[in-house]
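Work through the following exercises with the sequence and the model open beside you. Each task is followed by a solution that proceeds step by step.

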Amino acid sequence: MDEAVQEAKLLRQVNALIVAHLRGQSLGQAAAAVAAATMIPLSAADSVPANHLLRLVAKGLAAERGGAASAFDSAGFGGVVPPLGSGAVDFSVQDVRGSSKSFPKHEAKHVSDHKNIARCAKFSPDGKYFATGSADTSIKFFEVAKVKQTMAGDSKDGNARPVIRTFYDHMQPINDLDFHPESPILISASKDNTIKFFDFSKTNARKAFRVIQDTHNVRSVCFHPCGDYLLAGTDHPVAHLYDVNTFTCFLSANPQDSSSAINQVRYSCTGSLYVTASKDGSLRIWDGVSAECVRPIIGAHGSAEATSAVFTKDERYLLSCGKDSSVKLWEVGTGRLVKQYAGAVHRQFCCQAVFNETEEFVLSVDEQNSEVVVWDALTAEKVARLPSGSTVAPRWLDHSPVEPVFVTCGNDRSIRFWKQTV
């Protein structure tokens with residue numbers, strides 16, 4: 001009898017988690033239907049932390065794998081999805097007039113130059129490193145602590161070098177970069193149709209130790225949070241999913257009439273979803289397990305290219321940028337446009353819009369005035385315009401996931417590091 005009671009309690013707990021998960025994904029009607037069918041009060045979901053079910057599933061899958069080491073487990077991490085921050089901004093708040101936050105002052109330092117256009121930049125998940133990729137086919141690898149030393153002027157030898165490595169192994173320009181979530185691995189996507197893997201724990205390594213040969217120009221790459229898979233957005237209209245241990249390539253069986261090249265691919269924090277931003281101006285949200293398109297947003301940026309897309313930490317919203325000079329926030333569950341961040345011109349280059357580390361601000365670039373533009377994420381009010389210091393407009397910006405620092409780079413070949421001043 002006790003066993004039956006315990007099983008019934010566990011079943012109610014699971015049903016409450018499902019209801020909470022559906023509400024968290026803005027699927028209110030589905031949550032209400034499940035609650036009614038299982039006789040779980042909707043209020044039971046109020047005390048469940050955001051994404052709790054996803055985290056439990058991720059831990060269960062990791063345990064089920066029995067800790068089997070993959071080719072990328074050299075750093076000794078377990079592969080469990082890290083917990084999401086609890087301080088997520090609530091974008092569902094309606095009346096936010098007059099409540100914009102002030103963007104703290106930042107100082108910028110020119111830390112290096114490429115020999116040709118600097119096309120992309122990326123921070124590591126722990127914020128300790130960042131890398132930049134160029135049309136000169138090289139990748140520069142930086143240590144954030146050393147960059148800060150040069151800015152403070154307190155390096156012991158008086159000549160700290162923020163660039164700790166330069167990788168040379170591509171034949172054509174670099175389009176995108178990403179860091180493995182656990183191991184000291186940096187990957188690059190290039191116009192030479194390849195994705196290359198660099199081990200930055202080896203101080204003398206300058207060449208890739210593994211290469212994926214794709215069939216198309218690889219425009220964008222993104223590791224799954226577990227590190228065992230990666231997505232590639234290419235000139236092909238369907239994202240290419242690779243197993244990083246076998247290099248087997250998978251394509252969605254439901255491409256949703258995609259017919260345009262993909263400018264950017266990005267996973268959500270848990271890997272349960274991914275998004276593609278395409279040259280035809282559309283965004284598509286995909287199930288991270290089945291690769292089924294669950295939410296097409298056709299013409300998200302009109303007929304102009306959609307150049308970037310990134311999920312919020314709670315996976316409920318999507319921030320996109322396009323060559324129509326608009327930055328937009330979308331509700332994932334419905335595909336509804338929630339906010340627009342206006343006032344930055346970007347029509348020529350594939351720039352991106354990003355959140356700061358707390359998701360309180362949105363940052364992008366203004367090609368016309370060669371500025372970094374900052375908005376309050378909640379009110380959509382423009383709160384800062386920062387002169388880029390470049391002779392021409394920066395074309396790329398990436399923000400650290402853990403602290404108030406970011407990087408800009410662009411057509412003048414320069415790389416600038418921005419740090420909040422005390």
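**Exercise 1. In this predicted model, find in which order the strands of the open sheet of 4 strands are arranged, and say which of them are edge strands.**

Step 1. The order across this open sheet is β22-β23-β24-β25, and the pairing is antiparallel.
Step 2. β22 and β25 each pair on one side only, and these two are the edge strands.
Step 3. Looking at one pairing in detail, β24 and β25 run antiparallel and are joined by 5 bridges, and Val374 is found opposite Ala384 in β25.
Step 4. For background, the strands of a sheet pair through backbone hydrogen bonds, in either a parallel or an antiparallel way.

**Exercise 2. Determine which residues have the most contacts inside the largest nonpolar core, and which elements give two or more residues to this core.**

Step 1. The largest nonpolar core holds 30 residues, and those with the most contacts inside it are Phe91, Leu319, Val327, Tyr341, Val362, Leu363 and Val372.
Step 2. Two or more residues of this core come from each of β19 (317–322), β20 (326–331), β22 (354–355), β23 (361–366), β24 (371–376) and β25 (382–387).
Step 3. Another core, of 28 residues, lies apart from the largest one, and it includes Ala118, Phe142, Val147 and Phe198.
Step 4. Returning to Tyr341, and not counting residues up to four places away in sequence, we find that its contacts include Phe91, Leu319, Val327, Val362 and Trp375.

**Exercise 3. Name the buried residues of helix α4, and explain why they line one face of the helix.**

Step 1. In α4, which spans residues 144–152, the buried residues are Val144, Val147, Thr150 and Met151.
Step 2. When the helix is seen down its axis, these buried residues fall within an arc of 120 degrees, and therefore they line one face of α4.
Step 3. The partners against which the buried residues of α4 pack are β1 (106–113), β2 (118–123), β3 (129–134), β4 (138–143) and β28 (414–420).
Step 4. After α4 comes Gly153, which has a positive phi, near 70 degrees.

**Exercise 4. Decide whether Ser190 is buried or exposed, and list its contacts beyond four places in sequence.**

Step 1. Ser190 belongs to strand β7, which covers residues 185–190.
Step 2. Buried means under 20% relative accessible area, and Ser190 counts as buried because its relative accessibility is 0%.
Step 3. With its neighbours within four places in sequence left aside, Ser190 is in contact with His170, Gln172, Pro173, Ile174, Asn175, Asn217 and Val218.

Definitions and conventions. Residues are numbered from 1 along each chain as its sequence is written. This is a predicted model: local features need pLDDT of at least 70, side-chain atom pairs count only at pLDDT 80 or more; totals for chains, interfaces and linings use all residues. Side-chain values use heavy atoms; hydrogens and water are left out. Buried means under 20% relative accessible area, exposed over 50%, partly exposed in between (1.4 Å probe, protein chains only). The arc is that of the directions from the helix axis to the C-beta atoms. Contact means heavy atoms within 4.5 Å. A nonpolar core is a set of buried Ala, Val, Leu, Ile, Met, Phe, Trp, Tyr and Cys residues joined through side-chain atoms within 4.5 Å. Two strands pair if DSSP finds at least two bridges between them.
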